[in-house]
Amino acid sequence: MRTGREQRPCAGLALTPVDPEAPEPVRALALRLRRVLSTAGFGSLREIAAACGVGRTTVSDALSGTRAPTWATVAALLKGSRVVPDVEWRRAVDAAKDAERAHKGRRRGGTPVAADAPVPAGPGSAAAPGTFSVRAPYGELPGRVRGRDELLAALERELLEGADQVQVLHGLGGGGKTTVALRLAQYAHRQGRRVFWLSATTRERLTTGMRQVARELGVSEQQVEAAWSGRSSATDLVWRALDTADEPWLLVVDNADEPAVTAAVDGAAGDGTGWIRTSPAGLTVVTSRVGNPMVWGGQGRCRSVDVLSPEDGAAVLMDFAGDSGPAADALLLAERLGGLPLALRLAGAYLARTRRGFGLLRDSGDHGLVRDFAGYARELDRLGAELLDRGEPDGQSAGERRLRRLVGRTWEMSLDLLAAQGLPEARDLMRLLSCFGRAPFPVMVLQRAVQTRQELFPSGAERVELALEALGDVSLLTVEDVTLAADQEDRWVMPCLTAHPLVLETNALQMRTAPEPTRAGLWRGAGSVAGVLAELSTAPEMWKVWQLHIPHITAGIRCVPPEYAQSLGAFLELGMAAQRYAVASSRYDLVDELVTLLMERSGTLAPDDPLRSAVHRAHHARLRGPERVRATHDLFQGLVRSLGPDHLETVFARLGWARALLKEGRLGEAEAELRASIRKLRHLGTVPRRLIMAQGNLVATLAEQGRDDEATAEARTLMTELGAYGDGLDVHLAHLAAHALDSGRLLPEAEQLYRRILVQLETSVETRSRLYLDMSRRLAQNLVRQDRRREALDVLGNLLARYRSDPHAMAVHTKALVHPHHIRAALQLDFGEAAQAEAELRSFLRDLAALESGGPGVITTRLVLVQVLLHSGQPDAASRELDAVEADSRSVGETTYRGAVRLWRARCHRAQGRHKAATVLYDEALALTDDPETARLIAAESAACRAAAGAGTEG
């Protein structure tokens, strides 16, 4: 709110003078509104009306002092001017209304009367007819109300059987509360009951409506005048009439979003002394965004009006839009809109309007006209929630009623209401959450941010808690318990804040159009929250928490504007922390997604910014072949020029280049760069983690070159480096070190690390993770190399049993289970368990084929099954599997396995005694291989087969 001495209005806003006869509070309010609108840059009544969603006559009356404006009008004008409609403005509106009522009373020469009393016409004019009605607006009902059968049935029972409680229909704005009440009103009317429909958007409208109810129930005008002039109780008068009515009735109090409007002076909404009460003569129904049972008291029965299911939502779309595409497309659009009835109605109405010609003359650019559900969904992804409000025709309704019909405004009305109640933090909270993803937001993050980042909410944690509670009361936020562990013995429940996706989208839209200082401050706050998230540990016990945060991290990185460098940096740091979690947990699909996104958003950073080089290193590590070598070398050379060869970032970049050389098989160059990097790191003496990683790479490089003794010596050096960590060695570092020790032939030491990792993953309930699978496989291979094959077989058996008992985990990791199945089958053959190996492979093939019919996993597993079948003396069955391999290969255009198929086909023929046919296939297999060891094996088998053919043993 802007305060201070009166300012001269901007010359561009041409208005008539404020009415000198208006009461002083009305004049003062009009002048304050003029100053605000002038400062905001408005130039005309038309412009104000269009921007604020208020009728021009209403704006003119408010700014001239002709009539004291309602709170809804003032809030809309303030919002359009980017001014918070706080409690001081609300008091100014109430003061203006009170003064206007008193002024009217004095002009009549009697006791001040209610503001809703008719104003006598001026001299020489005819009295205007009253247009206020308490009849239900049945014309707003859709042809069919979807998804509310159970709720309506319950309300109809209460209506017919009599209820001793007020029925409070509560939920998110736009959720269909009024529609449910209207359908009930229609039902009551058809049952012969009297129906009274009142609006509680303001106290004035509610009292005016109740006055009309009293008149319709036969209360004398003298009694009405006495009550409305303050000489008796108006609430008691109306309810005596309702209690003694000759026929049963239904009373609907719609849009009671500010319950205090319904309360008696010094009373509460649910205490039974105000405008909302129970009666044996009829049923009272209230619609409100506030669903707190404590507000409505013991006489209130709160019934939630939730969003619709995708199926019901699709039906609503088709009801409004008609034949605008397949039902499947309507279902997808309904899911995108989150089942919100207001959004569904607006989308359907938009499509119905386009079928009637709406938008034909507009320039749609490259996007074309939106004429069906699929096109609307695409346009919604492009434009966001602002597209929805195009479904409401201009002039269809006015003022506050129109605002409730617009997705972009209806929830702002709730925030205006909370601001007027002294909780501006509610709007800040919603704006803050809109900077992140459309997923449950952990309360612990907000709690930590409020406690450690005082600049985020200077008013303190207690105010934030009040705002959260208030947002829950008006259904803008809900608290949801998210279970992070499926293990029933170790359930971890995390409270999270959830909001309808469209609520967050509209708040994000308000962020984009907010004044620059407001926008910058909100993004600074989001950056503070990002800093809190980045502090999260990457240890396995926190992986499920990271999974919950990932949608918020990626959304924040995408949305943060580049001009806010500090906030952008905070989100990029958070992205790098998330990338480290993804690497540690072996979620390489997530690593790829994150580094791609980070590369896109880090382009505005300076070339020598450490954060930029860290992002580039992470990105380059995911490249392959010569491209990776070239990219890592260019980064290294660039940092040598800008930071010097001894800078830490330069050394890290050099390590990245060395690893790229190692992956590309340029082992000598890789060794040289690794040794140079290790010397630099030892000299700097501050980065033991990087030193361990570099030492492990050196061990692998030496082992690849066949220099086993040197590799073992360097592995022992690595063991010394690991000793400095003790029990503080994290999972990712232990993972890398175990591989290096395996390469350096320190097998017991590597086994110890593998087992240590597995125990930590089991303790953290991460036995379904990709890393647990990889470490189990590595441990089995390690045990085989130590000639402990039975132990290896048991390790793999326990691993696969875990996945077979969990269909979801089996479906997620099916491809990763290919190699463990192959290793286990080979071990089973060693122990004479061919029948069991065959059964397990066939079972796994069924799961695998359902996931990737004809893919590499299916083909290689069939080839292992061929080996098992030949081993158990079933060459005919093996041949049939080879037929299937060839069919799978043809279906996906795969040619990689032609040599392997010919080799195993030759072995099948040889097992069947068809040596001449086998030798032909051996020759073809030999021609297709470029591996010397495989070539020697094929040549030896082929020679033996030729000898058998020459000896005349052809079958």
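Two people discuss how some terms apply to this structure.

Modeller: This is a predicted model, in which local features need pLDDT of at least 70 and side-chain atom pairs count only at pLDDT 80 or more, while totals for chains, interfaces and linings use all residues. Residues are numbered from 1 along each chain as its sequence is written, and side-chain values use heavy atoms, with hydrogens and water left out.

Colleague: Why is cysteine 302 called partly exposed?

Modeller: Buried means under 20% relative accessible area and exposed over 50%, with partly exposed in between (1.4 Å probe, protein chains only); cysteine 302 has 22% relative accessibility, so it counts as partly exposed. Cysteine 945, at a relative accessible area of 0%, is therefore buried.

Colleague: Why is cysteine 945 not in a disulfide with cysteine 908?

Modeller: A disulfide is a pair of cysteine sulfur atoms within 2.5 Å, and the sulfur of cysteine 945 is 12 Å from its closest cysteine sulfur, that of cysteine 908, which is too far for a bond. Searching the whole structure gives 0 disulfides.

Colleague: What makes H37 and H38 roughly antiparallel?

Modeller: Helix H37 (residues 818-830) and helix H38 (residues 834-851) pack at about 165°, their axes 8 Å apart; helices are DSSP runs (H or I, at least four residues) numbered from the N terminus, axes are lines fitted to C-alpha atoms over the stretch in contact, and angles run from 0 to 180 degrees between N-to-C directions. Angles under 35 degrees count as roughly parallel, over 145 as roughly antiparallel, 65 to 115 as roughly perpendicular and the rest as oblique, and H37 and H38 are therefore roughly antiparallel.

How values were computed. Helix = DSSP H or I, 4+ residues; strand = E, 2+ residues; numbered from the N terminus.
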